[in-house]
Amino acid sequence: MKYMLDSGNLADVKHCNEFYPLAGVTTNPTLVAKEKMEFWELVKEIRNIIGPDKMLHVQTVQTEAEKIVEEAKLLKYQVGGNFFVKIPISEEGLKAVMMLKEEDIGVTVTAIFTPAQALLAATAGADFVAPYVNRFDNVVGDGARVVEEIVQEFDRYGMNCQVLAASFKNVEQIHKCALSGCHAVTISADLFKNTLSHPMTDVAVAGFEKDWDSLYGDQTILDFEIK
Ligand code: E4P
């Protein structure tokens with residue numbers, strides 16, 4: 001599983017990059033606008049924090065194929081490293097995906113809500129598709145099921161495209177997507193924390209600490225003389 005951070009917040013990026021097995025960062029125009037920073041300063045600082053090898057997915061704000069390609073080239077040149085342009089699915093978007101394949105620029109087709117959209121995007125040459133799980137759950141039902149069907153379709157057709165499930169609000173949604181074998185998830189900093197937390201873990205650790213303290217007090221293994 002590739003775990004990506006879905007955020008434009010520099011503190012979140014620094015924290016998750018330090019404490020989690022991060023494969024990269026995804027942003028979108030909403031997340032970027034929330035930070036109220038100069039755009040290039042923000043995306044270049046994210047690259048600076050995660051380094052050149054981890055993926056950085058930045059979304060285009062263009063809607064016409066030629067302009068999307070122009071923006072993607074500029075983004076790749078300025079941001080550098082392991083870069084992917086995110087393109088919302090549309091006719092112009094698909095045309096841009098096919099043009100960008102000629103330019104050797106990685107593409108994530110985003111705002112996916114059906115397996116049919118995903119298969120079309122993958123056939124056009126997308127490296128990733130990003131189905132929106134929670135937004136689907138909010139409206140009609142089972143977003144994780146959509147992810148599962150996309151994974152099955154890609155397997156059946158041997159597509160060279162990975163499923164980057166996105167838009168999560170809870171750990172159960174992430175778990176259900178993982179069961180379907182999706183290749184990657186992009187989640188908020190809060191969801192990283194929620195994924196590793198469990199009240200029974202806290203109880204277990206408190207028990208270990210209490211039992212250790214009862215014999216050794218404040219001493220740790222590092223304090224013991226080696227014999
Ligand atoms: C990822 O590509 C999307 O930008 C993101 O996950 C959407 O998440 P939201 O539904 O929480 O806004």
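**Close-up views of the ligand site**

**View 1. The ligand takes up the space of the largest pocket.** The ligand is assigned to this pocket by the rule that more than half of a molecule's atoms lie within 2 Å of the grid points. This is a predicted model in which local features need pLDDT of at least 70, side-chain atom pairs count only at pLDDT 80 or more, and totals for chains, interfaces and linings use all residues. Residues are numbered from 1 along each chain as its sequence is written, and side-chain values use heavy atoms, with hydrogens and water left out.

**View 2. Lining of the largest pocket, with 29 residues.** A pocket is an open set of points on a 1 Å grid over the protein atoms alone, where a 1.4 Å probe fits, with protein on both sides within 12 Å along at least five of seven lines; lining residues have an atom within 4 Å of a point. Nearest the centre lie D6, N28, L31, R135 and K169. By class, the lining has nine nonpolar, twelve polar and eight charged residues.

**View 3. Residues surrounding the ligand.** D6, N28, K86, T110, Y132, R135, A166, S167 and K169 surround the ligand, each with a heavy atom within 4 Å of it. This shell holds two nonpolar, three polar and four charged residues.

**View 4. Polar side-chain atoms of K86, T110 and S167 at ligand oxygen atoms.** The distance to a ligand oxygen atom is 2.8 Å from an N or O atom in the side chain of K86, 3.4 Å from a polar side-chain atom of T110 and 2.7 Å from an N or O atom in the side chain of S167. The protein buries 85% of the 340 Å² that the ligand exposes when taken alone (Shrake-Rupley method, 1.4 Å probe).

Terms used: Ala, Val, Leu, Ile, Met, Phe, Trp, Tyr, Cys and Pro count as nonpolar, Asp, Glu, Lys and Arg as charged, and the others, Gly among them, as polar. A polar contact is a pair of N or O atoms within 3.5 Å; within protein, one must be able to donate a hydrogen and the other to accept it, and residues adjacent in sequence count only if both atoms are side-chain atoms.
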